[in-house]
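Visitor: Hello! Could you pick one part of this protein and take me through it closely, and then show me what lies around it? I am in my first year, so please go step by step.

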Amino acid sequence: MNLVMLSLWQTSGTITLIQSYLTEVCSDMNIINSLPEYTKPKNVGLMFFSTVPDKLFSYTHIDVVQFHDGLGGNNIVARKGRIQQQLRDALQYIRNTIITEKLEGL
């Protein structure tokens, strides 16, 4: 979460209302585990909403490998960041670099 929002929540008198609303939304999205003792985020929540998931999960990245005529991958491009950004970057790289011909139907 953003540090500015966190400081506003802490100084605000409505912190319990905001916390209950966020807990409800996160529970509906199934990105937290709510136990009577405490609430903790699930890995999928951290991977989607953390600003730097590769610091929490060191191998969270998408590798795009282009195989030419040989056996080994000649071109390996790693995409890092949030999961949704990794997917966008990887698909954009495939569209721009790897796909060389588009065939239309008969």
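Guide: Let's begin with a word we will need throughout: a residue is called buried when its relative accessible area is under 20%, exposed when it is over 50%, and partly exposed in between. By that rule, Q66 is buried, because its relative accessible area is 18%. Please keep in mind that the model in front of you is predicted.

Before zooming in, let's get our bearings. The protein has five helices and four strands, and from the N terminus on they follow the order α-α-β-β-α-α-β-β-α. Of its 106 residues, 14% are buried.

The part I have picked is helix 5, which covers residues 83-98. We can start with a check on its length. With 16 residues at 1.5 Å a residue, a span of 22 Å is expected, and the C-alpha atoms at its ends are 21 Å apart, which agrees.

Now, which residues of helix 5 are buried? They are I83, Q86, A90 and Y93. Try looking down the axis of the helix: these buried residues fall within an arc of 90 degrees, so they line one face. A general rule helps here: an α-helix has 3.6 residues a turn, so residues three or four places apart point the same way. On the face turned away from the buried side of helix 5, you will find the exposed residues R88 and N96.

Let's stop at Q86, on the buried side. Its relative accessibility is 1%, so Q86 counts as buried. The side chain of Q86 makes a polar contact with the backbone nitrogen of I62, at 3.3 Å. I62 belongs to strand 3, which runs over residues 62-67. Q66, the residue we began with, is found in that strand too. The C-alpha atoms of Q66 and T97 are separated by 9.6 Å, although the two residues are 31 places apart along the chain.

Next comes Q84, another residue of helix 5. Its relative accessibility of 24% is in between the two cut-offs, so Q84 counts as partly exposed. From the C-alpha atom of Q84 to that of F49 the separation is 9.5 Å, with their places 35 residues apart in the sequence.

F49 takes us to a nonpolar patch on the surface. M29, V44, F48 and F49 make up this patch, which has an area of about 360 Å². Helix 3, residues 43-49, supplies the largest share of the patch, with three residues. F48 is one of the residues in helix 3, and its relative accessible area of 33% makes F48 partly exposed.

Following the chain onward, we reach S50, in the loop between helix 3 and helix 4, the latter made of residues 53-56. Is S50 buried or exposed? S50 counts as buried, because its relative accessibility is 14%. The side chain of S50 reaches the backbone nitrogen of V52 at 3.4 Å.

Let's go back to the patch and to M29, its other member named above. Residue 29 is where helix 2, residues 15-29, comes to its end, and N30 sits in the loop between that helix and strand 1, residues 32-34. What is unusual about the backbone here? Most residues other than glycine have a negative phi. N30 is not a glycine, yet its phi is positive, about 60 degrees. With a relative accessibility of 46%, N30 counts as partly exposed.

Our last stop is P41, in strand 2, which covers residues 39-41. P41 is partly exposed too, because its relative accessibility is 44%. Eleven residues separate P41 from N30 along the chain, and their C-alpha atoms are 9.3 Å apart.

To look back at helix 5: its buried residues line one face, while R88 and N96 are on the face turned away from them.

Technical notes
Residues numbered from 1 in each chain as written. Predicted model: local features only at pLDDT ≥ 70, side-chain atom pairs only at ≥ 80, totals over all residues. Heavy atoms only, no water. Patch = residues over 30% accessible without salt bridge, like charges linked within 9 Å, V, L, I, M, F, W, Y side chains within 5 Å. Areas by Shrake-Rupley, 256 points an atom, 1.4 Å probe, with all protein chains shown as cover. Salt bridge = Lys/Arg side-chain N within 4 Å of Asp/Glu carboxyl O. Helix = DSSP H or I, 4+ residues; strand = E, 2+ residues; numbered from the N terminus. Buried < 20%, exposed > 50% of the residue type's maximum accessible area, 1.4 Å probe, protein only. Expected span 1.5 Å × (residues − 1). Arc of directions from axis to C-beta. Polar contact = N/O pair within 3.5 Å; in protein donor to acceptor, adjacent residues only side chain to side chain.
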